[in-house]
Amino acid sequence: MIGRYGNDEFNRFILLLTLALIILNLFLRVRFLHVLVILLLILSFSRSFSRCFDKRRQENMKYLEIKNRFFGNRQQRAYNRERKADRKAANEGKRVLICPYCKEKLRVPVGAGKIKINCPHCHQEFEETV
């Protein structure tokens, strides 16, 4: 495969579509689906063994644009939910204080009582009851 394009997102989509059509053809027995499966396999292999990197990249980018138009927002929302859950887990047992000098947010453990805090941003020391 040296010097060949190989697989990308678009090729994986073509192969998954081909697999779905093969399974569908097991039940329907339609000659058109059989021909379509063969054409899709030929397309997939010709893209994999191609030496025209620029054309294959353009095809893949076009596919990704179309895919993101339909699924991009869902994937971004799922990613944001995961990040929010991670932040919440990281902040459990912590309290957020604001440095009176530089207004930076600092996390300190809850229930520590009266503590001296040295701000890592402005290097000022202040006391706070937590």
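1. R12 counts as partly exposed, with a relative accessibility of 43%, and in this predicted model its side chain meets that of E9 in a salt bridge whose N to O distance is 3.5 Å. Both residues belong to helix α1, where they sit 3 residues apart, or about one turn of the helix. E9 is likewise assigned to the partly exposed class, because its relative accessibility is 30%, and that class covers what lies between buried, under 20%, and exposed, over 50%.

2. The salt bridge of E9 and R12 belongs to a structure that holds 7 salt bridges. In helix α3, which covers residues 53-91, E59 and R56 are again 3 residues apart, about one turn of the helix, and the closest N and O atoms of this pair are 3.0 Å apart. The two partners differ in cover, since E59 is partly exposed at 31% relative accessibility, whereas R56 is buried, with a relative accessible area of 13%. A reader who inspects this pair should also look at D8 and R47, as D8, R47, R56 and E59 are linked in a network of salt bridges.

3. Another salt bridge is found between the side chains of E127 and K114, with 3.4 Å from N to O. Because E127 lies in strand β4 and K114 in strand β3, this pair ties together parts that are 13 residues apart in sequence. With regard to accessibility, E127 is partly exposed at 43%, while K114 reaches 61% and therefore counts as exposed.

4. The strands that carry this pair deserve a point of their own. Strand β3 (residues 114-118) and strand β4 (residues 125-129) run antiparallel and are joined by 5 bridges, and within this pairing K114 stands opposite T129 in β4. Together β3 and β4 form a hairpin with 6 residues between them, and in the turn H123 has a positive phi of about 65°.

5. Which residues form the nonpolar patch on the surface? The patch is made up of L16, L19, I22, I23, L24, L26, F27, L28, V30 and F32, and together these have about 1,000 Å² of accessible area. Helix α1, which covers residues 9-28, supplies the largest share of the patch, namely 8 residues. One of the patch residues is L26, which has its place in helix α1 and counts as exposed because its relative accessibility is 51%, where the cut-off for that class is over 50%.

6. Is S44 buried or exposed? S44, which is located in helix α2 (residues 31-48), counts as buried, because its relative accessibility is 2%. When residues up to four places away in sequence are left aside, S44 touches N11, I14 and L15.

7. F13 offers a further view of helix α1, in which it has its place. At 37% relative accessibility F13 counts as partly exposed, and although F13 and Y63 are 50 residues apart in sequence, their C-alpha atoms are 9.3 Å apart in space.

8. The overall architecture may be considered last. The protein has 3 helices and 4 strands, and from the N terminus on its elements follow the order α-α-α-β-β-β-β. The radius of gyration is 28 Å, well over the 14 Å that the globule rule gives for 130 residues, so the protein is more spread out than a compact globule. The C-alpha trace spans about 80 × 40 × 25 Å along its principal axes.

9. Some totals complete the picture of the protein. Of its 130 residues, 22% are buried, and its accessible surface comes to about 10,300 Å², with 58% of that area belonging to carbon and sulfur atoms. Among the contacts between residues at least 6 apart in sequence, 37% join residues at least 24 apart.

Note on methods:
Residues numbered from 1 in each chain as written. Predicted model: local features only at pLDDT ≥ 70, side-chain atom pairs only at ≥ 80, totals over all residues. Heavy atoms only, no water. Patch = residues over 30% accessible without salt bridge, like charges linked within 9 Å, V, L, I, M, F, W, Y side chains within 5 Å. Areas by Shrake-Rupley, 256 points an atom, 1.4 Å probe, with all protein chains shown as cover. Salt bridge = Lys/Arg side-chain N within 4 Å of Asp/Glu carboxyl O. Helix = DSSP H or I, 4+ residues; strand = E, 2+ residues; numbered from the N terminus. Buried < 20%, exposed > 50% of the residue type's maximum accessible area, 1.4 Å probe, protein only. Pairing = 2+ DSSP bridges. Contact = heavy atoms within 4.5 Å. Rg over C-alpha atoms; globule rule 2.2 N^0.38 Å.
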